[in-house]
Amino acid sequence: MDEARSAFLSRLKLRHLRLLVALSETRSLRRASEYMAMTQPSCSVLLSELEALAGAPLCTRHARGLQLNALGQIAAQTARSMLHEARKLQEEFSQYATGVMGSVHLGAIVASIGDVVAPSMRALTASHPRITTHLVTDTSDRLLQQLHAGDLDIVIGRQIEAVIDPTLDCAGPRSEPLAVIARRGHPMARKRALTLHDLAGLQWVLQTAPSPMRRAIDTMFIASGVSIPRCKIETASTYATLKIVESSEMCAIVPKSVAQSFSNWPGITSLDISLPDLLGNYHVITIKNRTLSPAATLVRAHLSEAVIA
């Protein structure tokens with residue numbers, strides 16, 4: 001950058017730009033000074049500084065006020081554009097500082113999508129459209145691994161160890177009752193008041209071990225004196241589970257919220273069985289003493305409110 005340009009930029013002020021715009025709109029130094037909340041002599045000094053920077057007059061004075069000349073009009077148009085960009089910059093700073101923009105990496109178990117994630121994201125999209133949330137769905141054990149590794153900012157899931165992890169900050173809780181699903185027309189779908197003994201010997205699509213849900217399922221059968229289900233397929237994918245159940249004689253155990261969400265799926269039905277609540281509650285989980293971005297803090301607040309609703 002040459003010295004002349006550097007000197008010009010160092011001497012140009014936002015007040016100079018505001019004065020140019022005010023003069024173009026009011027055509028009066030007095031009214032321009034009122035618009036800028038400055039004294040008229042102070043505005044005269046600003047105008048003189050501007051004309052010195054331009055190296056030429058910018059306006060023509062007359063009895064009724066003043067009129068920007070051709071150079072002044074060009075300068076005012078440029079000033080208006082520069083002020084608009086300055087306001088945009090201020091908004092960017094303000095939005096970042098208040099958490100209304102940025103990226104957040106969220107991990108969630110499937111059971112939380114309908115009741116917690118969806119309403120929270122709907123509210124956030126309406127109030128803070130410049131926040132981008134990268135959503136990962138998986139089992140709690142895998143999500144917590146990613147949280148500890150720093151790949152996720154927030155997890156909606158459950159702790160998998162019997163001893164509470166002191167490094168985790170948990171908001172909630174929320175329960176996750178379970179349901180058994182099968183294809184429509186499955187022999188068990190016609191029966192009422194089923195028990196786990198009635199389901200002994202069936203083949204299953206189950207979550208991958210050692211996820212909390214898989215542990216709960218195994219414990220549920222053992223506590224009822226029934227052999228652990230014969231698992232033909234393991235998957236963490238809800239969509240895969242539904243499609244396999246729909247096209248086979250296999251059954252699956254899924255969160256009741258998932259079963260309700262897909263109650264209108266033409267090939268799927270819920271069996272008439274009440275399962276014990278051995279899975280435990282899930283929470284909104286973050287790492288203690290790990291600073292969240294303003295955007296992530298805002299997302300966590302929305303999720304925490306939804307999970308206890």
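**Exercise 1. Work out whether the length of helix α8 in this predicted model fits its residue count.**

Start with the count: α8 runs over residues 212–223, which makes 12 residues. At 1.5 Å a residue, that should span 16 Å. Now check the ends: the end C-alpha atoms of α8 sit 16 Å apart, so the two figures agree. Keep in mind that this is a predicted model.

**Exercise 2. Find which residues of α8 are buried, and what covers them.**

First, pick out the buried ones: Pro212, Met213, Arg214, Ala216, Ile217, Asp218, Met220 and Phe221. Next, look at what lies over them. The cover includes helix α7 (140–149) along with strands β7 (178–183), β8 (203–206), β9 (230–234) and β10 (251–255). Then step just past the helix, where glycine 225 takes a positive phi of about 75°.

**Exercise 3. Decide how far to trust the coordinates, and where confidence is highest and lowest.**

Take the chain as a whole: pLDDT averages 87, and 96% of the residues score at least 70. Then go element by element. Helix α1 (residues 3–11) comes out lowest with a mean of 81, while strand β5 (residues 154–157) comes out highest at 96.

**Exercise 4. Explain why cysteine 59 has no disulfide partner.**

Begin with the search: across the whole structure, zero disulfides turn up. For cysteine 59, the closest cysteine sulfur belongs to cysteine 43, and at 12 Å it's too far for a bond; the cut-off is 2.5 Å. Now compare surroundings. Cysteine 59 has a relative accessible area of 7%, so it is buried. Cysteine 170, at 30%, counts as partly exposed.

**Exercise 5. Map the largest nonpolar core and say which element gives the most to it.**

The core holds 30 residues, and Ile156, Val299 and Leu303 touch the most other members. At least two residues each come from β3 (101–108), α6 (111–127), α7, β5, β12 (282–287) and α11 (294–307). The top contributor is α11, with seven residues. Zoom in on isoleucine 156: leaving out residues up to four places away in sequence, its contacts include Leu106, Val116, Leu143, Tyr282 and Leu303. There is also a second, separate core of 22 residues, with Val180, Leu199, Phe221 and Cys251 among them.

**Exercise 6. Describe how β1 and β2 are arranged.**

Strands β1 (residues 59–62) and β2 (residues 65–68) pair antiparallel over four bridges. To get the register, find threonine 60: across from it in β2 is glutamine 67. Finally, look at the link: two residues lie between the strands, and the pair forms a hairpin.

How values were computed. Residues are numbered from 1 along each chain as its sequence is written. This is a predicted model: local features need pLDDT of at least 70, side-chain atom pairs count only at pLDDT 80 or more; totals for chains, interfaces and linings use all residues. Side-chain values use heavy atoms; hydrogens and water are left out. The expected span of a helix is 1.5 Å times one less than its number of residues. Buried means under 20% relative accessible area, exposed over 50%, partly exposed in between (1.4 Å probe, protein chains only). Contact means heavy atoms within 4.5 Å. pLDDT is the predictor's confidence in each residue, from 0 to 100. A nonpolar core is a set of buried Ala, Val, Leu, Ile, Met, Phe, Trp, Tyr and Cys residues joined through side-chain atoms within 4.5 Å. Two strands pair if DSSP finds at least two bridges between them.
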